[in-house]
Each structure stands twice: as structure tokens, then as C-alpha cells.
Amino acid sequence: MNFQLTKTEFIQYLNCPESLWLLKNKPNDYPKEAPSLFLQKLIKEGYEVEEFAKKLFPNGKDLPEKADPDFTEKQLNTDAKIFFQPSFKTSKNVFARIDVLEKLEDGSFHIYEVKSSTKIKDDQKHNHLKDACFQKYVLQECGYNVSGVSMMHLNKDYIKNGEINAREIIKTKEVSEKIKDLYPMVVKDIEDALHFINRSSINESECSCRYNTRSNHCLSFNYFNKNIPDYSIYEIINIRAKRINELLNMGCNCISDIPSDYNLNSKQKLQVASAKQNTPIIDQASISKSLNELEFPLHFIDYETYTNAIPQVNQFGPQKHLVFQVSIHTMLANGDLSHFEWLGNKMELPTDMLQKMKQFTGLTGTFISWHASFERDRNKEMMAMHPEYKQYLDYINTQMYDLEVLFKEPYIDYRFRGSSSIKKVLPIICPHLNYNALEVQNGTMAMDTWGRMMLDPDFDESIEHTRKELLEYCKLDTFAMVELYRFLMEL
Ligand code: SF4
């Protein structure tokens, strides 16, 4: 076999050789899933950032998206100096498409790698410098002299004010010196990757994630680890790799196999006990104490936000959150419930929302949200942009209660599977409330739907219907909190 290796695959190899081997050698066994909305958003943003980066090279020559390396070679022999998306393939079948390539007077080349992040990442999972080395390797292997490499990324300090100037939003940093020491290691890694993916067999009876936490597992975990039970030790809340190794060495795969005196923290012990007893473990006194301290009226609040690499609204920078929707269910001491909702119909600051929600809630009572740090952070950002609402937003933040904390320890149910996300808790406690019945089922879908409705000239769905679906989704988020609150109060 002589499998091709692309940059994306090389990064996959660096993160997990086994998963890339499976993809190449047994594509039918490789778990396939449609790209998530989140991934599609990243890809779309990547293209948008690239368009701005290209503006910095007004004489650049756009090569067709699918153009092959032979076409590139012909183009490099023309008078053009800047090329967008030229592709190259080495004799060992390593393939690269370069974002921007500059041909210099001395015949050497300068590579520009464009990233939609706000900095050059060099962590283990996203190492942009290794990406740059990969591109350099392919060009050099194809016989071209690479005299420089630069990264282009978003300027994190950029704030939109009118039309976006590419020179202000894009930062260019030469990394030729920085990658000097890294380059030989990446070359070795590429050669190892080629050797590995072309092996006729590997150990498929287990993979290294068997000894690692759930956040590291990919969709191939079950293929490589066939004897892992459904409710396994990986589901234990915040379990560390060290504990996983110990438990596996003790022969414990399943939560119910864990000895009761095994060294876990209090939350983990409660989860294990709940699983063994098949029942939730509830600290009723602590729950009652917390809830009885809340001051009425109770305002159950949830925001939906829109982010984009390229800011769409003045006063916003890359990836900053624009609040486009709010739902508030307000409960009086006698249990009466009223509802306020607001959904933006323009890509603009939510000044109208703040004015109307302040009228609805006033500066009274307690605000309740789920994972409250998100709402608090949005309020802080809105304070900076709307100083006239500082007092109100300050009030919300100081009177904010996070309902999620009650499902982190005082109320533990093994069926939450180590999570306190409302999407895990709600179906267990309130199965009559169901996100699956909605067209918009989570925050990413809400952001994507609203963003397309606002910006996409080809948006062909009914605006009235789409608004109704968005409102239903956010309303369920706050009504779910109301129902969970009622449930806890009745314990
Ligand atoms: S579960 Fe982990 S080690 Fe196993 S194939 Fe996936 S990423 Fe690789």
C-alpha cells in the first residue's frame, strides 16, 4: 500500500496513530458521522478569514480549488508571484495545499499559513507550528527552496468599527526561526506516519485511550476496546487517568465493580454508590437550605449568543458573543409564573432587549440560570457596551444563582453519567420535557439558525416559522429550570 498523507491526516496521526490507521486501512470499520454544526462553522469561518488574508496580497493568483500538483507546477512557471491554494505532492505521496505562496526574486518561496484563531497555537492537539513544518516539508521534497514561513491569524485586539480593514484584523508573523528546531522532528514524524499507515496490521485489541479519560476518546474507542461495558469507569465524574489505570489494573471495568473503600472523591463516591444502588443519592437538607435562601421573585434566565471569527457588529472583536435572544420565566412566591422573551431581528447590539427585560424583571429577586458563569460573562460584556445598564446587569450578576450546582453534589443520579448538563439531567428528572421534539435542539443549532437567518442571502426558510422554533427552544431552556426547581422543592 502507498496511502496518501495530507496535513489534516498528519495532525490526526500525531493525536492518535491508531485512528488514522483504521481510517486508511479499514474505512468501513471507521466510525463515520456527519460533520457537526460546530465543525461546519469552523470550516466556514476558516474560509472567511482566508478571504481577508488574501486581501493583503492584491496581486495574488487564485488557483482552482481542486487543482492538482501538475497544474500548480505550470502556474509556478508563469510571471505571477503570489499563489492562493497551490497544491503539491511528494514522491512518497505526502500532499499539501498551501494557503498563500509567494515566489521571491531569488527563486525561493515563502509560505503563508492562515489560521482562524486569535493566536498561533502550539499545544499538543493544535500545533500550528507543526502544520507549518508539514507544508515546508512537502514543498522541499518537491524540490522547491523554502526560504521563509509565516503564520497569519486574527488580531485578538481588533474591534470592528465600520468596514473591516484586512490589515487591522489579520496579523502576520514570520515563524521561520521558530520552527528551525522543530522541523527535523516533524520530518521524522511524517516519515513515521507514512510507515505506520502503510503497515498491514496493528494491535487492534486495544488502544492507548483505554488508559485515558473520556475526553480523549474518539469514536473508534469501542472498535479498539470491545469488552468495555456500557456503564464503565470512564463515565465517573472528573476521573483522572491515574485512577483509570489503577482500576484497570484491579480488573475493574464497570462502575459496579469498584470496591466501596476505593480512593475516590466525594462526588465520585456518590455516583458509584448511586450506580450500585440503582437510585439517586440526595442530600435533601442541603438542597432545601440552598433553595429556601433564594429571594422571590425568581427569574429563570437563559441567553443565546452568536459568535463569528469575523465580527459582524461594531464594537465586537473576533469570536466575541453577541446576545441575540433571552428567555425569562419569573415565578412569584405564590408559584405564579410569567414569561418574557426577546429575539433579535437584526445583527446589532441588544439594547432593545436590555430595556425590555429590565422593565419585565426590575431590580428585584433572584436570577437563576444553569452554568451561570456563561450568563455572568455576557452581562459583564454588555455592561462595557451599555454603561447605562451597568447597575441592572450588576444587580443580575450579584443576585445570580446557579441551579446546576445542585446536580453536581447534593443530587447525584448515576443516570446523569457523570454530567450535570441540563441536557443530561432533564430527561431523567422531567422526561415529559423533551428537546428532541424541537427543530432547534441546542445552543449551536440556535446560533447557526439565527446566523443564517440574519446573514445568508439564500436563506429560504420561513422567517416566521424559524423565529417560532428559536423562541420555543430558549423558552424550554428556562421552563426546564422551573420544572427542575419545582421538583427539588417537592423532595
Ligand atoms: S480512542 Fe483514543 S487511542 Fe483509541 S483510536 Fe480513538 S483517539 Fe486513538
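Where does H371 lie, between which strand and which helix? Here are some notes to help you find your way around this predicted model, starting with that residue.

1. H371 is in the loop between β13 (366-369) and α13 (373-385). Take a look at its backbone: phi is near 60 degrees, a positive value in a residue other than glycine. As for surroundings, H371 counts as partly exposed because it has 15 C-beta neighbours inside 10 Å, and the bar for buried is 20 or more.

2. Q319 has a similar story to tell. This residue is not a glycine either, yet its phi is positive, about 60 degrees. You'll find Q319 in the loop that links β10 and β11. With 16 C-beta neighbours inside 10 Å, Q319 is therefore classed as partly exposed.

3. One peptide bond deserves a stop as well. Going from F296 to P297, the bond is cis, and omega is near -5 degrees. P297 belongs to the loop between α11 (284-292) and β10. Why flag these spots at all? Because most residues other than glycine have a negative phi, and most peptide bonds are trans.

4. Now step back to the whole protein chain. There are 17 helices and 15 strands in its secondary structure. Its C-alpha atoms fill a box of roughly 80 × 60 × 40 Å along the principal axes. The chain has 491 residues, and 30% of them count as buried. If you take the contacts with a separation of 6 or more, 65% of them come from residues 24 or more positions apart.

5. Back at the start of the chain, look at helix α1 (residues 7-15) and helix α2 (residues 17-25). Their axes come within 5 Å and cross at roughly 135 degrees. That angle is neither over 145 nor in the range 65 to 115, so α1 and α2 are oblique to each other. On the α1 side the contact is made by E9, Q12 and Y13, and on the α2 side by P17, S19 and L20. Sorted by class, that contact has three nonpolar residues, two polar and one charged.

6. What sits around the ligand? The residues there are C16, E18, S19, C207, S208, C209, N216, H217, C218, S220, F221 and F224. Both α2 and α8 (221-224) supply at least two residues each to this shell. By class, the shell divides into six nonpolar residues, five polar and one charged. S19 turns up here and also in the contact of α1 with α2.

7. Helix α16 (residues 443-455) makes a nice check on geometry. Its 13 residues, at 1.5 Å a residue, should span 18 Å, and the end C-alpha atoms are indeed 18 Å apart, so the two agree. The buried residues of α16 are A446, M447, T449, W450 and G451. Their cover includes β10 (298-306), β11 (322-331) and α17 (463-489). Those two strands are the ones on either side of the Q319 loop.

8. Last stop, K423, which is placed in helix α15 (residues 422-429). K423 has 14 other C-beta atoms within 10 Å, so it is partly exposed. Try picking out A480 too: K423 and A480 are 57 residues apart along the chain, while their C-alpha atoms are separated by 9.8 Å.

Key: Residues are numbered from 1 along each chain as its sequence is written. This is a predicted model: local features need pLDDT of at least 70, side-chain atom pairs count only at pLDDT 80 or more; totals for chains, interfaces and linings use all residues. Axes are lines fitted to C-alpha atoms, for helices over the stretch in contact, and angles run from 0 to 180 degrees between N-to-C directions. Helices (H or I, at least four residues) and strands (E, at least two) are DSSP runs, numbered from the N terminus. Angles under 35 degrees count as roughly parallel, over 145 as roughly antiparallel, 65 to 115 as roughly perpendicular and the rest as oblique. Two residues are in contact if their C-beta atoms, placed from the backbone, lie within 7 Å. Ala, Val, Leu, Ile, Met, Phe, Trp, Tyr, Cys and Pro count as nonpolar, Asp, Glu, Lys and Arg as charged, and the others, Gly among them, as polar. The expected span of a helix is 1.5 Å times one less than its number of residues. A residue is buried if 20 or more other C-beta atoms lie within 10 Å of its own, exposed if 12 or fewer, and partly exposed in between; C-beta atoms are placed from the backbone. A residue is near a molecule or strand if its C-beta atom, placed from the backbone, lies within 6 Å of it.
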